[in-house]
Amino acid sequence: MEATMNDIRIIMKETYSKLVSYKRKENRESFNTELLKVLPQIYRYVSKRLNSAVANGKLNKGMFDPSDFTDQLFIEVYDNIDDIKSENELHVFLFKKVDELLENSLVEEEFDHVFFDNIDTYSKPEWDAMEENYTQDADGDFVLLEELDDISLNKSNYSLEHVFITQEEKQLADKLDASLNKERIYHHIQLVLNKMNMPMRTVYELFTDEGLTTEEIAKIRRTTIDQVEELLALARQLLKDSFEKRFLLESN
């Protein structure tokens, strides 16, 4: 059974209390063991960011491992746990710190205007070729470390309900659901996300895949809630347009 975002927050609450206690006792070993319980979600997030950078040619395969970034969290959390006042703050702190580490190492990606300006001109074979290339280049390159492995956290939460949100749009989602399997939907979303720039893609993934609120994402990204909502809306629109151009128009 897959863990829900609520399950993850419950685990985060239990872990936060224990981390505070272990820090007071200066029990570093127990502190690190406890923190390890909530790192699979962060490790997966880092893994996806690295995969995307490889697929975009911004990073050579093998240059980094997700643990290069998550290992630093043991030091960061231990040094700052006294200033972290709740489990929600801990959740945000983990993503914020690892985001900072990633952005210090990855080249900022430009928005792929060529791709989106030509969405309505791509043929079905061209779409399929792009998807195949992306899957071969990035999908599954990084996996969770054995000691962090948790099958409930090992899958992305991409679905049509995150893209088609109004009642009218849900009718389009139903039509897509009837003709596409979950794997096809997943790979198409991954393909389009890969063409977005880093801020837009990161906001979308933090909201849909990690279950964070726009307020929490604004803290992680060091920006405003309005800017987060704007990026989220644009990402949804681009995804919606791509589904319509690729799968709906050709079937009409």
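# A tour of an all-helix chain

The protein chain has 12 helices and 0 strands, and since the model is predicted, each stop below describes computed geometry. Colour the chain by secondary structure and follow it along the sequence, where the pattern reads α-α-α-α-α-α-α-α-α-α-α-α. Of its 252 residues, 46% count as buried, and the accessible surface comes to about 12,800 Å², of which 46% belongs to carbon and sulfur atoms. Among contacts with a separation of 6 or more, 79% are between residues 24 or more positions apart.

**Helix H10.** Select residues 198-208, which form helix H10, and turn on the molecular surface of the rest of the chain: 10 of the 11 residues in this helix are buried. Those buried residues include Met198, Arg201, Tyr204 and Glu205. To see what covers them, add helix H3 (39-55), helix H5 (87-105), helix H9 (182-195), helix H11 (214-221) and helix H12 (225-248), against which the buried residues of H10 pack. Then go to the start of H10 and show asparagine 197, where a side-chain oxygen reaches to within 3.1 Å of the backbone nitrogen of methionine 200.

**The nonpolar core.** Next, select Val77, Leu94, Met196 and Phe243, the residues that touch the most other members of the largest nonpolar core, a set of 66 residues. The largest share of this core, 8 residues, comes from H12, the helix that was also displayed as one of the packing partners of H10.

**Aromatic pairs.** Now show the aromatic side chains, among which the count comes to 9 aromatic pairs. Begin with tyrosine 45 and phenylalanine 95, whose ring centres are 5.2 Å apart and whose planes meet at 80°, so the pair is edge-to-face. Because tyrosine 45 lies in helix H3 and phenylalanine 95 in helix H5, the pair ties together parts that are 50 residues apart in sequence. Both tyrosine 45 and phenylalanine 95 are buried, so hide the surface before looking for them. From there, move to Phe115, Phe116, Tyr122 and Trp127, which ring pairs link into a cluster.

**Charges over a ring.** For the last stop, centre the view on tyrosine 78 and display lysine 23 and arginine 28 as sticks. The charged end of lysine 23 sits over the tyrosine 78 ring, at 4.7 Å from its centre, while the charged end of arginine 28 also sits over the ring of tyrosine 78, at 3.8 Å from its centre.

Notes
Residues numbered from 1 in each chain as written. Predicted model: local features only at pLDDT ≥ 70, side-chain atom pairs only at ≥ 80, totals over all residues. Heavy atoms only, no water. Buried < 20%, exposed > 50% of the residue type's maximum accessible area, 1.4 Å probe, protein only. Helix = DSSP H or I, 4+ residues; strand = E, 2+ residues; numbered from the N terminus. Contact = heavy atoms within 4.5 Å. Polar contact = N/O pair within 3.5 Å; in protein donor to acceptor, adjacent residues only side chain to side chain. Core = buried A, V, L, I, M, F, W, Y, C linked by side-chain atoms within 4.5 Å. Phe/Tyr/Trp six-rings, centres within 6.5 Å; stacked < 30°, edge-to-face > 60°. Lys NZ or Arg CZ within 6 Å of the ring centre and 35° of its normal. Areas by Shrake-Rupley, 256 points an atom, 1.4 Å probe, with all protein chains shown as cover.
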